[in-house]
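Student: I am new to this one. Please take a close look with me at a single part, the lining of the main pocket, and then show me what surrounds that topic.

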Amino acid sequence: MSSDQLPKLAEIAEKYGRGELHLTTRQTVEIPWIKSAEIEKARKAVNAAGMTLGASGPRFRVVTACPGNRVCKHGQKDSQEFAEEIDRRFFGTGLPHKFKVAVSGCPNACTKPRENDIGFAGMAEPEVIPQNCTGCRKCQNICKEKAITVESNLPSIDPEKCAFCGDCIRACPAGSLKAKRTGYAVYAGGKMGRRPKLGKLVASFVSEEEGLDIIEKSLDLYRLHGVPKERFGDTIQRIGFDEYLTEVLKSQS
């Protein structure tokens, strides 16, 4: 949202509501207290200001995203650009129940990707460039997962412990660590509410295009197997997670 749109929202809230705005947990703005008879006028005013209404009910909801590598030093991916593409392609799609997607630029997962129907978390696989290493141990000291040990003045990375956050790459003063590859970890089936459930890992180091394909196949499966008012994670649990993986990953290499 641009800064020149904020005064326009305030004007709409004053004219059609009670001069109040509410910032939601999914990074949208609500204007409460609009009378039913004036909702259409308010909608047109919002559209005229270059904005659209969000989705409610059994539909693909607004996508949330962290600042990503545009702003955050931890960001491995441009989470905002990816979220915008997801929104353009799927926003408002009718489904058995509400469907939420979140994109995080790194494993810190500020947008809580595992608490959404589908979530993405950026990741980077570190690779050692031996000839550049000075043995300073900064990578070992910064690694929160204790995945790096320096032996004979060279870092050794345990892939079983590595969170693929990329902090070691950023901290290295000698350029002896670089990203061998980047992508997204994809989670599916998460939700909050009365019966919270964390999403399960679907795939790692997924590209944006592969991520869009996973969403599309997930929505197709949800329409086919889901029932009204059943969340996506419950549908996955009912048909089996392995069956879900087979469907959404069958074209992934």
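Tutor: Two helices, two strands and one more helix turn up in this lining: α1 (5-16), β2 (29-30), α2 (39-48), β3 (64-65) and α3 (79-90) each give at least two residues to the wall of the largest pocket. Helices and strands here are DSSP runs numbered from the N terminus, with H or I over at least four residues for a helix and E over at least two for a strand. The model is a predicted one, in which local features need pLDDT of at least 70 and side-chain atom pairs count only at pLDDT 80 or more, while totals for chains, interfaces and linings use all residues. Residues are numbered from 1 along each chain as its sequence is written, and side-chain values rest on heavy atoms, with hydrogens and water left out.

Back to the wall itself. The largest share of this lining, 5 residues, comes from α3. Sorted by class, the lining holds 20 nonpolar, 10 polar and 8 charged residues; Ala, Val, Leu, Ile, Met, Phe, Trp, Tyr, Cys and Pro count as nonpolar, Asp, Glu, Lys and Arg as charged, and the others, Gly among them, as polar. The volume of the largest pocket is about 1600 Å³. Its lining has 38 residues, and Thr 28, Val 29, Thr 52, Gly 54 and Val 62 are the closest to its centre.

What does "pocket" mean here? On a 1 Å grid over the protein atoms alone, a pocket is an open set of points with protein on both sides within 12 Å along at least five of seven lines, a cavity is a set where a 1.4 Å probe fits but cannot get out, and lining residues have an atom within 4 Å of a point. Points are joined across faces, edges and corners, and a volume is the space filled by probe spheres set on them.

Now set the second largest pocket beside that picture. About 440 Å³ of space lies in this second pocket. Among the 22 residues of its lining, Arg 26, Lys 100, Glu 115, Lys 191 and Met 192 are the closest to the centre. The classes here come to 3 nonpolar, 8 polar and 11 charged residues.

There is closed space too. The whole structure has 1 cavity of 30 Å³ or more, and the volume of the largest cavity is about 90 Å³. Of the 14 residues that line this cavity, Cys 133, Cys 136, Cys 139, Cys 172 and Ser 176 lie nearest its centre. By class, the cavity lining has 9 nonpolar, 3 polar and 2 charged residues.

Those cysteines raise the topic of bonds. A disulfide is a covalent bond between the sulfur atoms of two cysteines, and here the test is a pair of cysteine sulfur atoms within 2.5 Å. The search of the whole structure finds 0 disulfides. Cys 162 is in none, and its nearest cysteine sulfur, in Cys 168, is 6.3 Å away. Why is Cys 172 unbonded? The closest cysteine sulfur to that of Cys 172 belongs to Cys 136, and at 6.0 Å this is too far for a bond. Cys 172 is buried, with 15% relative accessibility (buried means under 20% relative accessible area, exposed over 50%, partly exposed in between, with a 1.4 Å probe and protein chains only).

Finally, return to α3, this time for its charges. The structure holds 16 salt bridges, each a side-chain nitrogen of Lys or Arg within 4 Å of a carboxyl oxygen of Asp or Glu. Arg 88 and Glu 85 form one of them, at 2.8 Å from N to O. This pair sits in helix α3, 3 residues apart, so about one helical turn separates Arg 88 from Glu 85. Arg 88 is exposed at 57% relative accessibility, whereas Glu 85 is partly exposed at 24%.

Another salt bridge joins Arg 231 and Asp 117, whose closest N and O atoms are 2.9 Å apart. Arg 231 is in the loop between α6 (208-225) and α7 (232-239), and Asp 117 is in the loop between β4 (101-104) and β5 (118-128), so the pair ties together parts that are 114 residues apart in sequence. Arg 231 and Asp 117 are both buried.
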